[in-house]
Amino acid sequence: MRKLTWFSLVLAYGMLWGGAVLPVGAAITPDQRKELGEIRKEIGKVAGHVTKKEFDEARKILNDAQEKISKIASDAKVMETDKTLAPILLQIEKQRATLDKKAAGAGQGGINFDKEVAPILAAKCANCHNDERSSGGLKLDSFAGLEAGGTNKSLIVAGQSARSLLVARLTANGPARMPKAPQPALSAVEIAAITSWVNQGAKYEGDKAKKFQAAAAGGPRPNNLPPPAIARANGNEKVSFKNDIAPFMVNLCVGCHSGNNPRGGLSLVTFEGLMKGGASGRVILPGNLEGSRLWRLVGGLELPRMPQGQARITRTNYENLKVWLEEGAKFDGPDPKQPLRQIVPTEEQILAAKLSKLTPEEFVAMRKEKSEDQWKRSNSKETASTVESADFLVMGNASEDRLKEVLGWADEHAKTLRAAFGAKTDEIWKGKLAIFVFKDRFSFEEFPRVIESAEIPRDTVGLARVVPSFDEAYICVEDIGDQVTAESPGMKLSVIDQLTGAYLKRSGDKIPDWLIRGLGLALASKDDKKNEFIQAQPAMAIESLKGLESPEQVFEKGKFSSADLGPIGFTLVQHMLAAGGPSKLGMLIDKLQSGAELAPALKDVYNADLKTLGMSYGSMLGSRKPAKVKKK
Ligand code: HEC
Ligand code: HEC
């Protein structure tokens, strides 16, 4: 008999917790194994409590153990018939049987019908079994109804759960299982309470005609208390609402708990809604885990389990929720009336926070690992050599000598950048700047294609990508050889050009592209005024300007191709240097970096609007080669 009950229990729970389809590779983790060890230890104490007639203590241990195992099974996505779990559950069942027998014999410590059984029947059964709707001829809204039974008459054989229809239907399979689908099965603990009550003699001493009260449900229920004052976090909490709780609520709960008719009357759109609670009243009692309905539903202590449906919160979410509730359910967002979606940090913010905790050494290690991975992904067939200095990590399929040469130029230019921008001696790029050197066009093009899903324009021989968190900080250069012609800047100039870009992009994309390219070329040609490529820039700029309709369009974002940006940027920067020298240009960059828009920043520094500046730039170019400027 026992065996049969056990097996049907297992099937019922297997369906409930494990789901019908088991994912391949589901397994119990070492951490969970450790927890199971602790659960076994706890169960070991039950016999002692029973001997000392501490029945309530014993029952609590068994219930806790059962809940924990259900949780583990659901987290690990294994059935409770799993070979690790099954013996422990069997143990629990044996202990429970002994406990029931001893408690009944001692005439104490039994299950209290009013407190522990009636609320289950009221909440889970009475909706189908009542005066108006007595499914199966059965009413389960008062003790009289339970005693009368349904079409099959007697539901209960006192002292013998295995022969009681009531218990049999709770653990049955398929359509016979009560509560009937789609309502979910009762939890293991609920079934155990009813089973134990039957085994202890199915005693009841109250008014048999009195209707059961759902609200008197077991455990503290947060009925219609007013919403609590919102407690603010002080920064010493172990768990942050904004970072650890809100993200999973947004993903797993808000879908059903929002809109005009949120499920269960509970809106989880804002923190305020969460604290206000739902149809049953408050769902969070700060500092009171067991009393918080949200915890009971998420932890499966009460049904239906949340989130409803297939989704499950992770073990980490679960642990965080526990600590957050215990720590007083404090709020660390800007405004409790603001949608949770808005206070949840973006992936970028989470990453930046993580990176900001790295030591300089850890940052460099991260850069190396990441760069090697990027190289492998984009150029899997070619191994890269690496050379490095304090500021740079040079990596590529060019010869090692060539990489060293590039590193030499880069180190020299880092000095120029520090001097030109008054940078302190500390690191320019956190974790160093990676410089990828490609010996041919093919491998160069492959990199942005694989890593950034971007095609490189035909005339482009280098690119720079740096984000403010320094999660990404690299430049790519195609080795175009050292020869300088009107069409080709030569390798050194190209490297310097991209390094300048990598410097200016540290503040994000606040500096316009023409200024980045222009400064890059300006700094690159500083010591080499006779460079043929540089000398060809003004004529090329004039060609590129021909399509413009008005002078201020020079500054328009996206107006020029990347091939045109170099010459236009270079000549514009030359013009501005002529107008105000390096100090004014430095002021302009400062303003832009701290977030100013281009037009007001230019107005501030050069006291001229975009149109005036565009016109004076045009006439400067025109005075060089008047014949080629298209007059409008
Ligand atoms: C969604 C509706 C629904 C819910 C909820 C529900 N039942 Fe039922 N129940 C039925 C229907 C319909 C029948 C008759 C058909 C059958 O026996 O399967 C029935 C029959 C039964 C019977 C058999 C009665 C007899 O004499 O044949 C028992 C026992 C029973 N229910 C117990 C429960 C218990 C205990 C609960 C709560 C834990 C519950 N039911 C919840 C719909 C429901
Ligand atoms: C698929 C829809 C769905 C999802 C997803 C969902 N819920 Fe629910 N939730 C419901 C329904 C339906 C109810 C009402 C259940 C009932 O009363 O029987 C409910 C009720 C609740 C209640 C009780 C409200 C009250 O006052 O009685 C809480 C608390 C709750 N959900 C929390 C959550 C949390 C937390 C999540 C995410 C982890 C979540 N829910 C995800 C559908 C959902």
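Okay, quick bit of vocabulary first: when I say helix, I mean a DSSP run of H or I with at least four residues, numbered from the N terminus. And keep in mind that this is a predicted model.

So, ligand 1. Helix H8, residues 165–171, gives the largest share of the shell around it, with 3 residues. There are 22 residues around ligand 1 in total, and the ones that come nearest are Cys125, Cys128, His129, Arg169 and Met178. If you sort that shell by class, you get 10 nonpolar, 8 polar and 4 charged residues.

Now the polar contacts. Arg169 puts a side-chain N or O atom 2.7 Å from an oxygen of ligand 1. Lys180 has a polar side-chain atom 2.9 Å from a ligand 1 oxygen. With Thr151 it's the backbone: a polar atom there sits 3.2 Å from an oxygen of ligand 1.

On to ligand 2, and its iron. Which protein atoms act as donors to that iron? They're NE2 of His257 and SD of Met306, at 2.0 to 2.1 Å. Those two come from distant parts of the chain, 49 residues apart. His257 is in the loop between helix H10 (241–252) and helix H11 (271–276), while Met306 is in the loop between helix H12 (293–298) and helix H13 (315–326).

What about the geometry? The iron has 6 donor atoms around it, and their angles run from 85 to 178°, so the arrangement is octahedral.

Last one: is His257 buried or exposed? Its relative accessibility is 11%, and the cut-off for buried is under 20%, so His257 counts as buried.

Note on methods: Residues numbered from 1 in each chain as written. Chains lettered and ligands numbered in written order. Predicted model: local features only at pLDDT ≥ 70, side-chain atom pairs only at ≥ 80, totals over all residues. Heavy atoms only, no water. Near = heavy atom within 4 Å. Polar contact = N/O pair within 3.5 Å; in protein donor to acceptor, adjacent residues only side chain to side chain. Nonpolar A, V, L, I, M, F, W, Y, C, P; charged D, E, K, R; others polar. Donors = N, O, S within 2.8 Å, 3.2 Å for Na, K, Ca; no water. Tetrahedral: all angles 85-135°; square planar, octahedral: opposite > 155°, others 65-115°. Buried < 20%, exposed > 50% of the residue type's maximum accessible area, 1.4 Å probe, protein only.
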